[in-house]
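Please open the model in a viewer with the sequence panel visible. The tour proceeds by selection, and each stop names what to pick and what is found there.

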Amino acid sequence: MKSALMLTLGAVLVAGTAQARQEPAVPSPGALPEVKASRAAAQQFGSALKEALQQAMQNGGPVSGIAVCHDKAAQIATDLSQKQDLLLGRTSLKIRNPANAPDNWELAVLKQFEARKTQGEAVDKLEFFAVIDDDQGQKTFRYMKAIPTAALCLSCHGETLSPEVTAKLKELYPNDQARGFKEGDLRGAFTIAKPLP
Ligand code: HEC
């Protein structure tokens, strides 16, 4: 019952984007365990990041928060990816770290999220998944979950940043685009890939 429902949801969402993209990709029933695993992994990644960030900011303000995001975000992603046997990351239409740039599939989904937000969907509920062939023709399960901008994020991603934060960001991310966000904006998304047998 539950899995039939999830499959329908996936199919509806895919039908929704198929108009925006050329090749429609229908999730197979075999992908369903991956959906569950991806939801859990995205949640764990989010909590771990938030915890590290809040701790650093309590101890040393936003500038030490930047250091934590710079040094630990990728490490947390790598650790969780190994533990969960999938590839976990974050991406956005406006990136800070160029290593987080979206690929074509991610770009289409981020635009789809913005469109669904405009149509009134809650940002914290936006997710999308599909089974696609990657560049090498490998069947791959892909999953994305939107990340809303919270008040906590604004000292480093908001419209007005302190001179200290501005200086530190300039030093570490000379091409930073990830600012100017308001609370409730779509900041980006968790993104997960898992090659299928
Ligand atoms: C103390 C500063 C700081 C705060 C507060 C902060 N971030 Fe970031 N954020 C960063 C830095 C630095 C990076 C780049 C990390 C890296 O190098 O991978 C980043 C990267 C990201 C990325 C990855 C995409 C990209 O732009 O490279 C997302 C998504 C993101 N932040 C979301 C958030 C959200 C959501 C919040 C609030 C819950 C938040 N951030 C709060 C500093 C911050």
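**A buried ion pair**

Select Arg142 and Glu106, both of which are buried. In this predicted model, the two residues form a salt bridge whose closest N and O atoms are 3.4 Å apart. The pair links distant parts of the chain, with Arg142 in strand S3 (residues 139–148) and Glu106 in helix H3 (residues 104–118), 36 residues apart. Side chains of opposite charge can pair when their charged atoms come close.

**The whole chain**

Now display the full chain as a cartoon. Five helices and four strands make up its secondary structure elements, and along the sequence they follow the pattern α-α-β-α-β-β-α-α-β. Colouring by accessibility is useful here: of the 197 residues, 41% count as buried. If a contact map is available, consider the contacts with a separation of 6 or more: 67% of them are between residues 24 or more positions apart.

**The iron atom**

Select the ligand and centre the view on its iron atom. Which residue of the protein supplies the single donor to the iron atom? The donor is NE2 of His157, 2.1 Å away. His157 is located in helix H4 (residues 154–157). In addition, a polar side-chain atom of His157 lies 2.9 Å from a nitrogen atom of the ligand.

**The shell around the ligand**

Extend the selection to the residues surrounding the ligand, of which there are 23. The closest are Cys153, Cys156, His157, Tyr173 and Arg187. Colour the shell by residue class: 13 of its residues are nonpolar, five are polar and five are charged. Then colour the shell by secondary structure. H2, S3 and H4 each supply at least two residues, and the largest share, seven residues, comes from H2.

Two further side chains merit individual selection:

- Asn100: a polar side-chain atom of this residue lies 2.7 Å from an oxygen atom of the ligand.
- Arg90: an N or O atom in its side chain is 3.4 Å from a nitrogen atom of the ligand.

**Arg96 and its surroundings**

Select Arg96, in the loop between strand S1 (87–91) and H3. Is Arg96 buried or exposed? Its relative accessible area is 12%, so Arg96 counts as buried. Two backbone oxygens can be picked for distance labels: that of Cys156 lies 2.6 Å from a polar atom of the Arg96 side chain, and that of Ala178 lies 3.0 Å from a polar atom of the same side chain.

Next, show the residues in contact with Arg96, leaving aside its neighbours within four places in sequence. They are Cys156, His157, Leu169, Tyr173, Asp176, Gln177, Ala178 and Arg179. Cys156, His157 and Tyr173 are also among the residues closest to the ligand, and His157 is the iron donor described above.

**Further salt bridges**

The salt bridges in the model come to 10. Select Arg39 and Glu127, where the closest N and O atoms are 2.4 Å apart. This pair, too, links distant parts of the chain: Arg39 is in helix H2 (residues 32–84) and Glu127 in strand S2 (residues 127–133), 88 residues apart. Glu127 counts as buried because its relative accessibility is 9%, whereas Arg39, at 29%, is partly exposed.

Move next to Asp133 and Lys139, a salt bridge with its closest N and O atoms 3.2 Å apart. Asp133 has 47% relative accessibility and so counts as partly exposed; Lys139, at 45%, is also partly exposed. Then select Arg96, Asp176 and Arg179 together: salt bridges that share partners join these three residues into one network.

**The last stop: Asn175**

Finally, select Asn175, in the loop between helix H5 (163–172) and strand S4 (186–195). Asn175 is exposed, because its relative accessible area is 59%, over the 50% cut-off. Add Asn97 to the selection and label the C-alpha to C-alpha distance: Asn175 and Asn97 are 8.2 Å apart in space and 78 residues apart in sequence.

Note on methods
Residues are numbered from 1 along each chain as its sequence is written. This is a predicted model: local features need pLDDT of at least 70, side-chain atom pairs count only at pLDDT 80 or more; totals for chains, interfaces and linings use all residues. Side-chain values use heavy atoms; hydrogens and water are left out. Donors are N, O and S atoms within 2.8 Å of the metal (3.2 Å for Na, K and Ca); water is not among the atoms, so sites may look incomplete. A salt bridge is a side-chain nitrogen of Lys or Arg within 4 Å of a carboxyl oxygen of Asp or Glu. Buried means under 20% relative accessible area, exposed over 50%, partly exposed in between (1.4 Å probe, protein chains only). A residue is near a molecule or strand if one of its heavy atoms lies within 4 Å of it. A polar contact is a pair of N or O atoms within 3.5 Å; within protein, one must be able to donate a hydrogen and the other to accept it, and residues adjacent in sequence count only if both atoms are side-chain atoms. Ala, Val, Leu, Ile, Met, Phe, Trp, Tyr, Cys and Pro count as nonpolar, Asp, Glu, Lys and Arg as charged, and the others, Gly among them, as polar. Contact means heavy atoms within 4.5 Å.
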